[in-house]
Amino acid sequence: MIATKKEKTQRSAKRENPKSGGLTPRASRIVEALSEGFATSIPTKEDTQLASESSRRLVKILGRKGKKPFPIQIQPDDEPAETVEIPVSAFRLLADILTQMAMGNAVSLIPIHAELTTQQAADMLNVSRPFLIEQLEQGKIPFRKVGSHRRVLFQDLMTYKRDIDTKRLKTLEELSALDQELGLGY
């Protein structure tokens, strides 16, 4: 699963913390938490340009490729080239990462089985920790306790997020249909 977050938004730019490299306190906590065992990459301007071109070329290649692994050739500086076979699914993931980087998004790879603290989970959903705990206690998101601390599987958190996003979209479509029916012109 790939989690992305814009490097900066106008709203977060107002709340920058100079000690955290220009990130907001919430973004700093996310980066710090996800960096503990998870790879995080915030692209530079040069990275976004290179990622844009690379993702275009990789998507074009993926469109022509079947399900066989890709043999690729890697040539580190001043060393002989080496051929490595990579699964097609890994190339699709790489294309997704490059696309996000091309848009200037920071990218974190999080194993689907990773356990998050309630603060990490709340930050990923962009909700308060008390709200998240309420959702946990109501059984809307599965969790387990480690001593007195709650832990949430990343997979369960993403399932919850997909469910609420689907419900929001359905509600929005219903409102839009009602707007059309009533001819309100919005």
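Trainee: Over how many bridges do E7 and strand E8 pair?

Mentor: Happy to start there. This is a predicted model, where local features need pLDDT of at least 70, side-chain atom pairs count only at pLDDT 80 or more, and totals for chains, interfaces and linings use all residues. Residues are numbered from 1 along each chain as its sequence is written, and side-chain values use heavy atoms, without hydrogens and water. Strands are DSSP runs of E with at least two residues, helices are runs of H or I with at least four, both numbered from the N terminus, and two strands pair if DSSP finds at least two bridges between them. E7 and strand E8 (residues 149-153) are antiparallel, and the number of bridges is three.

Trainee: Which residue stands opposite Arg-150 in E8?

Mentor: E7 covers 144-146 and is an edge strand, pairing on one side only. The residue facing Arg-150 of E8 is Lys-145.

Trainee: What is the strand order in the open sheet?

Mentor: Three strands form this sheet, with antiparallel pairing. The edge strands are E6 (115-117) and E7. The order is therefore E6-E8-E7.

Trainee: How are H5 and H6 oriented to each other?

Mentor: Two packed helices are described by the angle between their axes and the distance between the axes. Axes are lines fitted to C-alpha atoms, for helices over the stretch in contact (heavy atoms within 4.5 Å), and angles run from 0 to 180 degrees between N-to-C directions. The axes of H5 and H6 come within 9 Å and cross at roughly 105 degrees. Angles under 35 degrees count as roughly parallel, over 145 as roughly antiparallel, 65 to 115 as roughly perpendicular and the rest as oblique, so H5 and H6 are roughly perpendicular.
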